[in-house]
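Reader: I'm comfortable at the bench but less so with structural models. Could you walk me through this one, feature by feature?

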Amino acid sequence: GELEARATAAMAEPCICPPSAIPFITEFHYDDSSGGVGEFIEVAVPCNIDLVNDDVKVLIVDGGFPEPALYVATVSQFDQGESEGGITLYSAFIGSEVLPGLPNGFLGDGLAIIVNETVYLSTFISYEGTAFINGFASVDIGIFEGPTTAPGSSISAFGVGWAATDFMWQEEPADSKGAINAQMILKCPDPAPPAPPMWFH
């Protein structure tokens, strides 16, 4: 289909993302008035990451009582979505075998990215409070969902860039799972121009 063709074309282009680029969360939905129909997580994966050879996971931090719990979901098993600026979106519905569940945030629940067994704290966000991984605190996005949230909505990142810290968060009345978010431009930095030739006399 058209989506697969766009993704294939993006993969065929030379990768413009720096080797240090790390996947990050771009959108999610975890609670609403229907009891959680259509909940999902979406991840942006830069082209320097190879989901065949790089082990990329979403770390789900449940801050629940009496003990916090950690879960993981493997991004290579997510559905591939749109691509832009050297970055491709991957998403999965909650409740599937790929993504069993997402906590409802009562005590500070969080999401972070793991690449090849390394947790990248720059991607560590939380909702409804601060979450912790081995004593390291998340960045609370300050937006939450609940029993009055409309089904089909989401919490989505907006801004321009190629890293988690380039974006802020907003509520969206209609989710864009698998597609580029409203007010979002995914763009790895332009490669440095080649050095001018050196002439010797």
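Reader: Let me start with a small detail: which residue is the bridge partner of Glu 27 in S12?

Author: Good place to begin. The general idea is that strands of a sheet pair through backbone hydrogen bonds, either parallel or antiparallel. Here, Glu 27 has Ser 156 as its bridge partner in S12. Keep in mind that this is a predicted model. The two strands concerned, S1 and S12, run antiparallel and are joined by two bridges.

Reader: What else does S12 pair with, and in which sense, parallel or antiparallel?

Author: S12 runs antiparallel to S13, with six bridges between them, and parallel to S14, with three bridges. You can find each pairing by a residue pair: Ala 157 stands opposite Trp 169 in S13, while Gly 161 has Leu 186 of S14 as its bridge partner. S12 and S13 also form a hairpin, with five residues between them.

Reader: How many residues of S12 are buried?

Author: Six of its eight residues are buried, so S12 is largely enclosed by the rest of the structure.

Reader: Let me step back. How many helices and strands does the chain have?

Author: The chain has one helix and 14 strands. Of its 201 residues, 44% count as buried. Among contacts with a separation of 6 or more, 59% are between residues 24 or more positions apart.

Reader: How do I read a strand with both faces covered, and which residues of S2 lie on each side?

Author: The idea to hold on to is that in a regular strand the side chains alternate between the two faces of the sheet. In S2, Phe 40, Glu 42, Ala 44 and Pro 46 are on one side, with Ile 41, Val 43 and Val 45 on the other, and all of these are buried. Since seven of the seven residues of S2 (residues 40-46) are buried, the strand is largely enclosed by the rest of the structure.

Reader: Which strands pair with S2?

Author: S1 pairs with S2 in the antiparallel sense over five bridges, and S6 (residues 87-93) also runs antiparallel to S2, joined by seven bridges. To trace them on screen, look for Ile 25, whose bridge partner in S2 is Val 43, and for Glu 42, which stands opposite Ser 91 in S6.

Reader: I also see an open sheet. What is the order of its five strands, and why do some have a side without a neighbour?

Author: The order is S4-S3-S7-S8-S11, with mixed pairing. S4 (69-74) and S11 (139-140) stand at the edges, each with a single partner strand, so one side of each has no neighbour in the sheet. S3 (residues 56-62) pairs with S4 in the antiparallel sense over six bridges, and Val 61 has Leu 70 as its bridge partner there.

Reader: Now pockets. What is the volume of the second largest pocket, and which residues are closest to its centre?

Author: Its volume is about 230 Å³. Of the 15 lining residues, those closest to the centre are Ile 125, Val 139, Ala 164, Phe 167 and Trp 169. S8 gives the largest share of the lining, five residues. By character, the lining divides into 12 nonpolar residues, three polar and no charged.

Reader: Which residues have a positive phi although they are not glycine?

Author: The background is that most residues other than glycine have a negative phi. Two to look at here are Asn 116, with a phi of about 50°, and Gln 183, with a phi of about 60°. Asn 116 lies in the loop between S7 and S8, and Gln 183 in the loop between S13 and S14. Asn 116 is partly exposed, at 39% relative accessibility, whereas Gln 183 is exposed, with a relative accessible area of 58%.

Reader: One last stop: where does Gly 152 lie, and what is it in contact with?

Author: Gly 152 lies in the loop between S11 and S12. Leaving aside neighbours within four places in sequence, Gly 152 is in contact with Pro 173, Ala 174 and Asp 175. Gly 152 is also 115 residues from Val 37 in sequence, yet their C-alpha atoms are 8.1 Å apart in space. With a relative accessible area of 32%, Gly 152 is partly exposed.

Conventions:
Residues are numbered from 1 along each chain as its sequence is written. This is a predicted model: local features need pLDDT of at least 70, side-chain atom pairs count only at pLDDT 80 or more; totals for chains, interfaces and linings use all residues. Side-chain values use heavy atoms; hydrogens and water are left out. Helices (H or I, at least four residues) and strands (E, at least two) are DSSP runs, numbered from the N terminus. Buried means under 20% relative accessible area, exposed over 50%, partly exposed in between (1.4 Å probe, protein chains only). Contact means heavy atoms within 4.5 Å. Two strands pair if DSSP finds at least two bridges between them. On a 1 Å grid over the protein atoms alone, a cavity is a set of points where a 1.4 Å probe fits but cannot get out, and a pocket is an open set with protein on both sides within 12 Å along at least five of seven lines; lining residues have an atom within 4 Å of a point. Grid points are joined across faces, edges and corners, and a volume is the space filled by probe spheres set on the points. Ala, Val, Leu, Ile, Met, Phe, Trp, Tyr, Cys and Pro count as nonpolar, Asp, Glu, Lys and Arg as charged, and the others, Gly among them, as polar.
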